[in-house]
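Colleague: I am new to reading structures of this kind. Could you take me through this one step by step?

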Amino acid sequence: MSPPADDFVPPMPAAPARPLPMLAGLLRARRDLLSIFPADAYRRQVFTTRLPGRLILVANAPEVVRDVFVVKHATYQRKSRFLEDALRPVIGGSSFIAWGDDWAEKRGAIAPPLHPSGLARFHPCFVQAAEELAGDFAGADGPVDVAAAFAAAITRVLLLAVFGPSVPRAEAAAIAATFTAYQEAAEVVDLLGMMGLPDMLGWLTRRRAGRLAAALRARVAALLRAAGPAGGTALLAALRDARRDDGTPVLAGERLLDEVVMFLLAGAEGAAITLTWTAMLAALHPATADRMAAELPTAPPGFDDLTGLVFTRAVVQEAMRLYPPVAVFARQALGPDRIRRWDIATGDIVLAVPWLLHRHEALWDAPHVFRPERFLGDAPRRRPRFAYLPFGIGPRICAGAAFGMAEVMAVASVVFRRFRFALAPGFTPRPNCRLALRPKGGMRLLVSRR
Ligand code: HEM
């Protein structure tokens, strides 16, 4: 019997009572960034840490977030150099980490094929991947790591959307598993580096991460070669056909490869993680799972039907509030600035932390409680606009937000209609923030037909 929705607090790391001394904080951050925030981080508007030669400022109030990520985009458009270093081996200089004119040009090339007005054409890819995943769940004998299963299914969506049906299904699972292994190998660079700390990545780990990154790129390069110069879908054609004013292609050769790898990873990561946390919440709160199932149609919904699934959407949005897939946005100041009473020097790090904003005591009632009703009716309109940022904010907001939401809803509407989820015996879910907010050790659930 699940507790009433009003009281249910799903898993979160225990907050230390007081700020940790620097060394203890660093050691903890290596394991999990979220576990270093003391209880008062969920109340404060701005707070800072000074490390040798670098200030880290956390923008923890909606108006400060707006100032940094929207108004002062010119100063704060660069993601941290260390995040760039963590991702470059895999996604090269793609739009996700580019900045300045290079970013603007690449963003101009990738945004049009992802525009909400053209999303319906991807719906068959969403449904095909969802049906294949449902087939796997139906045949499951024993606990399933749904984190890996959703990652493979959503990578499958992206492969279908970019290359079409000729790519074997097994390719999706291989790409998703290699990226998971890469994240584990690259974890130290990303976390400590993002905060401006010395790169303590051992050479062994670095070599392993490098090998995994090269393997990933080689796989995708082979898919591009197999597609040939005119193959793939309309989405791939749109990337290939983007032109500068002088008629030269924006994306060709390695630059095209960078962008396609980025699509497969950025496009899959957020959606797969969202589905994973939603499945955990369904497992821990069966009353919510039953209410979703009651709303969902027996056959996969059409694209236009997705907007009518208001309760399921609210559960997904609440899952993204409690477990934002990108839990930290890091920016490195390109010039001097002043935020409230703090002077920011070039190179200082400014963070927005959706994990904190989404659980801020001044912005949310009972912030750690699972309550999908927060996203029903006009409740969202009564909250400050910059309090909820699952897709980021400002000019660098997720280019695939509408695509991501549609793929999550399409897959959710199939799996939560057909299956019940329960925690595997002996398994405890643990949120763990590295490059993204994934469950540590996966998400082992029992999956049974409704
Ligand atoms: C539920 C699914 C998704 C979530 C939660 C998500 C989340 C995010 C977030 C938070 C950012 C901003 C990070 C920052 O500012 O530091 C971002 C950026 C980005 N995302 Fe997504 N994303 C999702 C799906 C997708 C999909 C489907 C695509 C493409 C097919 C995509 C492509 C991108 C790109 C290209 C950027 C970089 C934008 C830029 O810097 O101009 N995302 N995403």
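The questions below begin with the ligand and then turn to the two sheets.

Colleague: Before we start, what kind of model is this, and which atom is the only protein donor of the iron atom of the ligand?

Modeller: This is a predicted model, which should be kept in mind throughout. The residue to look for is cysteine 398, which lies in the loop between helix 15 (354-357) and helix 16. At 2.3 Å from the iron atom of the ligand, the only protein donor is the SG atom of Cys398.

Colleague: Which element gives the most to the shell around the ligand?

Modeller: There are 28 residues around the ligand, and the closest are Trp103, Arg107, Arg331, Arg396 and Cys398. By class, this shell has 17 nonpolar, 6 polar and 5 charged residues. With 6 residues in the shell, the element that gives the most is helix 12.

Colleague: How far is an oxygen atom of the ligand from an N or O atom in the side chain of tryptophan 103?

Modeller: Side chains with an N or O atom placed close to a ligand oxygen include those of arginine 107, at 2.8 Å, and arginine 396, also at 2.8 Å. Two or more residues of the shell come from each of helix 5 (100-110), helix 12 (254-284), strand 4 (329-332) and helix 16 (401-418). For tryptophan 103, the distance from a ligand oxygen to an N or O atom of the side chain is 2.7 Å.

Colleague: In the sheet with the order 3-11-8, which strands stand at the edges?

Modeller: This open sheet is formed by 3 strands with antiparallel pairing. Strand 3 (144-145) and strand 8 (419-423) each have a single partner strand, so one side of each is left without a neighbour in the sheet, and the edge strands are therefore strand 3 and strand 8.

Colleague: Which residue in strand 11 stands opposite aspartate 145?

Modeller: Strand 3 pairs with strand 11 (residues 444-449) over 2 bridges, in the antiparallel sense. Across from aspartate 145, the residue in strand 11 is arginine 444.

Colleague: At about what angle to strand 8 does helix 16 run?

Modeller: Helix 6 (residues 123-138) lies across strand 3, strand 8 and strand 11, and runs at about 60 degrees to strand 8. Helix 16, in turn, lies across strand 8 and strand 11, and its angle to strand 8 is about 80 degrees.

Colleague: Turning to the sheet with the order 1-2-7-4, which residue in strand 7 stands opposite phenylalanine 329?

Modeller: The 4 strands of this open sheet have mixed pairing. Strand 1 (46-51) and strand 4 stand at its edges, each with a single partner strand, so one side of each lacks a neighbour in the sheet. Strand 4 and strand 7 (residues 349-352) run antiparallel and are joined by 4 bridges. Opposite phenylalanine 329, the residue in strand 7 is alanine 352.

Definitions and conventions: Residues numbered from 1 in each chain as written. Predicted model: local features only at pLDDT ≥ 70, side-chain atom pairs only at ≥ 80, totals over all residues. Heavy atoms only, no water. Near = heavy atom within 4 Å. Polar contact = N/O pair within 3.5 Å; in protein donor to acceptor, adjacent residues only side chain to side chain. Nonpolar A, V, L, I, M, F, W, Y, C, P; charged D, E, K, R; others polar. Pairing = 2+ DSSP bridges. Contact = heavy atoms within 4.5 Å. Axes fitted to C-alpha atoms, helices over the stretch in contact; angles between N-to-C directions. Donors = N, O, S within 2.8 Å, 3.2 Å for Na, K, Ca; no water.
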